Amino acid sequence: MVKICCIGAGYVGGPTMAVIALKCPNVEVAVVDISVPRITAWNSDTLPIYEPGLDEVVKQCRGKNLFFSTDVEKHVREADIVFVSVNTPTKTRGLGAGKAADLTYWESAARMIADVSVSDKIVVEKSTVPVKTAEAIEKILTHNSKGIKFQILSNPEFLAEGTAIEDLFHPDRVLIGGRETPEGFKAVNALKDVYAQWVPEDRILTTNLWSAELTKLAANAFLAQRISSVNAMSALCEATGANVTEVSFAVGKDSRIGPKFLNSSVGFGGSCFQKDILNLVYICECNGLPEVAEYWKQVIKINDYQKTRFVNRIVSSMFNTVSNKKIAVLGFAFKKDTGDTRETPAIDVCKGLLGDKARISIYDPQVTEEQIQRDLTMNKFDWDHPLHLQPMSPTTVKQVSVAWDAYAATKDAHGICLLTEWEEFKTLDYERIFENMQKPAFVFDGRNVVDAEKLRKIGFIVYSIGKPLDQWLKDMPALA
Ligand code: NAI
């Protein structure tokens with residue numbers, strides 16, 4: 001029986017390994033982590049992450065060929081294939097701070113693999129890493145190997161949170177990069193055999209190591225670039241009376257462009273896009289390519305601009321101040337169907353409103369009060385470290401309260417900000433909400449989820465990103 005161990009039981013390691021265990025009954029999979037609460041949760045009825053379909057997959061395999069453990073060394077020692085899916089945050093200090101990837105956790109995992117191994121192993125980069133990381137990892141492993149042979153593969157993960165299980169069941173592609181040597185090809189084929197148990201062969205792509213590493217950064221940069229492109233257009237739509245939904249639909253009909261990932265919003269979030277683009281920018285700079293670096297930097301600048309623009313629109317339309325006004329924030333996760341709040345635009349929007357002294361009442365079906373308070377008090381990039389290393393906020397933000405449904409959050413509010421596209425926000429009883437709000441009552445729809453015309457008929461003043469503006473909003477233009 002092939003034994004797989006995955007270091008890192010997070011949003012990637014957990015679901016990916018659960019699906020491998022489900023699809024490969026002949027493989028034994030151990031997912032290990034240094035975070036005791038995380039592993040305890042994986043072994044309980046309440047998994048540490050919310051992901052549609054994940055519970056069923058874990059329940060089918062856990063205790064059979066899928067195990068979660070904090071005994072990292074034991075499982076690494078016994079494994080034939082070791083996946084490394086640990087955090088690769090943005091560096092906050094020293095060389096490359098604010099851009100480069102911090103490989104501390106990766107390096108410590110590699111040193112531990114070298115220390116405890118007593119047999120040859122394939123080591124798989126699952127984390128997103130800078131191109132050429134495999135070379136550094138190889139050096140760590142071979143210099144500490146005591147004669148044991150390691151083959152490094154790059155197998156970046158392309159799943160999207162919220163649809164992770166579906167993406168893992170039916171991936172567009174699986175990418176495996178390896179050394180172009182007989183041993184390298186053998187290792188690539190060994191990993192290919194695992195995926196081939198459920199992924200059609202023509203969807204398993206093999207490349208050299210550097211192409212695989214760079215593809216992951218490139219794919220995230222291209223995806224984020226589409227969002228920043230349509231968001232840039234949304235500002236121009238508002239200025240000209242065009243409707244961004246109509247524009248992106250018509251643009252996406254061009255088969256060279258395609259319809260996906262063209263929704264305008266308050267901005268992209270999530271743990272990957274910003275981090276990976278910053279990393280790409282840094283790599284370009286280090287390779288003497290400042291023009292290329294500048295090009296990709298712009299994707300992040302537009303994303304920041306979109307969040308600022310949204311806050312400015314709220315403040316300016318509410319008579320240029322939200323001081324002491326109650327603003328209901330509906331949705332805090334960075335997208336629907338996940339409880340993940342890493343780099344969610346809601347953090348920046350809330351901080352912007354707090355800067356103008358608003359009182360904020362937040363409701364999200366999947367995010368806890370503790371998480372929200374932690375996010376609003378944490379420094380930039382501090383969130384992307386193992387849970388037990390993340391600082392707990394010594395204080396809470398007093399102007400922020402967390403409600404347990406949308407009706408409580410919006411009661412007596414002056415305005416509503418919709419920041420996550422949860423399905424339930426489309427079908428709320430907006431007449432009831434309107435009655436219980438201060439007047440004039442505003443809705444700022446950062447995801448274009450509500451039927452603006454219907455809400456206007458109820459009496460709301462509605463701002464929808466990239467859509468023609470109400471007379472009220474035209475009369476109170478947002479200043480950048
Ligand atoms: P995460 O923070 O949810 O999980 C990482 C886990 O690794 C944590 O539970 C942490 O305790 C553990 N860990 C760190 N150092 C360790 C060590 N030395 N030994 C044992 N465990 C250790 O992160 P997530 O979201 O799973 O991301 C992991 C990697 O995958 C990152 O490089 C990320 O960029 C990449 N990725 C993330 C995607 C996502 O949607 N979240 C998608 C594709 C790639």
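A crossing is left-handed if the near helix is turned anticlockwise from the far one by less than a right angle, and right-handed if clockwise. Keep that rule at hand for the helix pairs below.

This is a predicted model: local features need pLDDT of at least 70, side-chain atom pairs count only at pLDDT 80 or more, and totals for chains, interfaces and linings use all residues. Numbering starts from 1 along each chain as its sequence is written, and side-chain values use heavy atoms, with hydrogens and water left out.

**Stop 1: α5 and α6**

Select residues 104-116 for helix α5 and 133-143 for helix α6. Helices (H or I, at least four residues) and strands (E, at least two) are DSSP runs, numbered from the N terminus. The α5 and α6 axes sit 8 Å apart, at an angle of about 30°. Axes are lines fitted to C-alpha atoms, for helices over the stretch in contact; angles run from 0 to 180 degrees between N-to-C directions. The two helices are therefore roughly parallel. Angles under 35 degrees count as roughly parallel, over 145 as roughly antiparallel, 65 to 115 as roughly perpendicular and the rest as oblique. α5 passes α6 in a right-handed crossing.

Now show side chains. From α5, Trp106, Glu107, Ala110, Arg111, Ile113 and Ala114 meet Ile137, Ile140 and Leu141 of α6. Contact means heavy atoms within 4.5 Å. By class, this contact of α5 with α6 has seven nonpolar, no polar and two charged residues. Ala, Val, Leu, Ile, Met, Phe, Trp, Tyr, Cys and Pro count as nonpolar, Asp, Glu, Lys and Arg as charged, and the others, Gly among them, as polar.

**Stop 2: α9 and α12**

Next, select 209-240 (α9) and 290-317 (α12). Their axes come within 9 Å and cross at roughly 45°. α9 and α12 are therefore oblique to each other. Here the crossing is left-handed. Residues of α9 in the contact include Phe222, Gln225 and Glu238; on α12, look for Tyr295, Trp296 and Arg313 among others. The class split for α9 with α12 is ten nonpolar, six polar and three charged residues.

**Stop 3: α12 and α13**

Stay on α12 and add α13, residues 345-355. These axes are 9 Å apart, at about 40°. The pair is therefore oblique. α12 passes α13 in a right-handed crossing. Lys307, Phe310, Val311 and Ile314 of α12 meet Pro345, Asp348, Val349, Gly352 and Leu353 of α13. Six of the residues in this contact are nonpolar, one is polar and two are charged.

**Stop 4: the ligand**

Center on the ligand. It is surrounded by 26 residues, counted if a heavy atom lies within 4 Å. The closest are Asp33, Thr88, Glu161, Lys275 and Arg342. Then pick out polar contacts (pairs of N or O atoms within 3.5 Å). A side-chain N or O atom of Arg342 is 2.8 Å from a ligand oxygen. Arg38 also places a side-chain N or O atom 2.8 Å from a ligand oxygen. Tyr11 uses a backbone N or O atom, 3.0 Å from an oxygen of the ligand.

**Stop 5: three loops**

Select Phe158, in the loop between β6 (150-154) and α7 (164-169). Among the residues it touches are Arg173, Leu175 and Thr215. Go to Phe261, between α10 (244-252) and α11 (273-286). Its phi is positive, about 60°, although it is not a glycine. Finish at Pro440, in the loop between α16 (430-435) and β13 (442-445). A cis peptide bond joins Lys439 and Pro440, with omega about -5°.

Note on methods. Polar contact = N/O pair within 3.5 Å; in protein donor to acceptor, adjacent residues only side chain to side chain. Lists of a residue's contacts leave out its neighbours within four places in sequence.
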